[in-house]
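Subject: A structure for you to look at

Hi,

Here is the structure I promised to pass on. Have a look around it first, then read my notes below with the viewer open.

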Amino acid sequence: MDGRCVRLRQDGSLLHYSGADESFVRHYLALDLDLDRVLAAIDRDPVMGAAISCCRGLRVVRQPLFECLLSYLCATNTNIPAVRHRVEALASRYGEPVTGEGEIHAFPSSNALLGATEDDLRACRLGYRARFARTAIATVLADAEWETAVPLLSHDEARARLLDLPGIGPKAADCVLLYALGHLDAFPIDVWIRRILARHYRVELEDGPLSPSLYEAARAFGRDRFGPYAGYAQVYLYGARALLCRA
DNA sequence: GTCCAGGAGTGAT
DNA sequence: ATCACTCATGGA
């Protein structure tokens, strides 16, 4: 993460770490955020209560912007193992090796990916996303201020900038807002969250494609119900998806 | 082989 | 504004 290889191990309430200093670990895991207070704020109903019981301790990390952006561009209409393959392929081909860690490569910077052609990205198993990724990388790099300016924008302004990028739609934009830009009220709607909202919260989301207006309705519901930490609510519901979606 | 995955772009109504 | 169609890939 961010050019380092950090190893973490938890036993009880004790967290062991190596590969980074304490301030990095605290920042990446957002240990400065009072988790109990956050969970109390979103614990508004029995469904959320069950998700919290299921996942207590889960945190929204603070991911580097470019890494997060490309990762979610690789995550559209696919599954987690495939995304992991893509991210690892990008890292091993374009990322700097982490010193002292033989096989481990960092996620590449935007500059490191500048030389990657669409075919190169296809070779990293991005499939049809390779064209979007190529353009998104070029767009980010065309504005020297992009990566430093976007984190300073408001939620809505940053979302608009993300949506300008090809291959980044509402879902991926909301994930970047939440996991990289610290907008903890972002509420991404994926197929699992959609299912959970329909089944447990009676949100009208008939099956079939999730249209932009339905996406917006689901997003508004989540943000309205769970408030400033709606993103945490989303993460806990997602984490409990196996529990909440069975039968 | 078929179906589903942390969706999004395009082009026709 | 709202369909219908298409887009690689991997795991079950």
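Let's start at a spot where protein and DNA meet: a polar backbone atom of Tyr128 sits 3.3 Å from a sugar or linking oxygen of DNA strand C. Keep in mind that this is a predicted model.

Tyr128 also reaches the other strand. An N or O atom in the Tyr128 side chain is 2.6 Å from a base nitrogen of DNA strand B. So what you get is a backbone atom of Tyr128 facing strand C and the side chain of Tyr128 facing a base of strand B. Tyr128 turns up among the nearest residues for strand B, and it is listed among the nearest for strand C as well.

**Strand C**

There are 13 residues around DNA strand C, and the nearest are Asn77, Asn79, His85, Tyr128 and Arg129. Of the strand C atoms that come within 4 Å of the protein, 60% belong to sugar and phosphate. Two of those nearest residues are worth clicking on. The side chain of Asn77 has an N or O atom 3.1 Å from a base nitrogen of strand C. For Asn79, an N or O atom of the side chain is 2.8 Å from a base nitrogen of strand C.

Which helix gives the most to the surface near DNA strand C? That is helix 5 (residues 80-94), with four residues. Sorted by class, the surface near strand C has three nonpolar, six polar and four charged residues.

**Strand B**

Around DNA strand B you will find 24 residues, with Thr78, Tyr128, Asp190, Arg195 and Gln234 coming nearest. Sugar or phosphate holds 59% of the strand B atoms within 4 Å of the protein, and bases hold the rest.

Besides the Tyr128 side chain, look at two glycines that use their backbone. Gly167 has a backbone N or O atom 3.1 Å from a phosphate oxygen of strand B. A polar backbone atom of Gly169 is 3.0 Å from a phosphate oxygen of strand B. The elements giving two or more residues to the surface near strand B are helix 11 (170-179), helix 12 (191-200) and helix 14. Helix 11 gives the most, with four residues. By class, the surface near strand B splits into 14 nonpolar, seven polar and three charged residues.

**The two domains**

Now zoom out to chain A. The domain assignment gives domain 1 (22-56 + 184-247) and domain 2 (65-179). As you can see from those ranges, domain 1 is written as two stretches of the chain. The C-alpha centres of the two domains lie 24 Å apart.

How many residues of each domain are in contact with the other? It is 14 from domain 1 and ten from domain 2. Together the domains bury about 940 Å² between them, and 62% of that is on carbon and sulfur atoms.

The domains share one salt bridge. Its partners are Arg219 and Asp174, whose closest N and O atoms are 3.7 Å apart. On the domain 1 side, the elements that give two or more residues to the contact with domain 2 are helix 13 (212-226) and helix 14 (230-239). Helix 14 gives the most there, with four residues. That side of domain 1 has eight nonpolar, two polar and four charged residues. There are also three residue pairs in polar contact between the domains.

**Salt bridges**

Across the whole structure, the search finds twelve salt bridges. In general, side chains of opposite charge can pair when their charged atoms come close. One to look up is Arg26 with Glu22, where the closest N and O atoms are 2.8 Å apart. Arg26 and Glu22 are separated by about one helical turn, because they are four residues apart in helix 1 (residues 22-28).

Have fun exploring, and send me any questions!

Technical notes: Residues numbered from 1 in each chain as written. Chains lettered and ligands numbered in written order. Predicted model: local features only at pLDDT ≥ 70, side-chain atom pairs only at ≥ 80, totals over all residues. Heavy atoms only, no water. Domains from an automatic or database assignment. Contact = heavy atoms within 4.5 Å. Buried area = accessible area lost by both parts, 1.4 Å probe. Salt bridge = Lys/Arg side-chain N within 4 Å of Asp/Glu carboxyl O. Polar contact = N/O pair within 3.5 Å; in protein donor to acceptor, adjacent residues only side chain to side chain. Nonpolar A, V, L, I, M, F, W, Y, C, P; charged D, E, K, R; others polar. Near = heavy atom within 4 Å.
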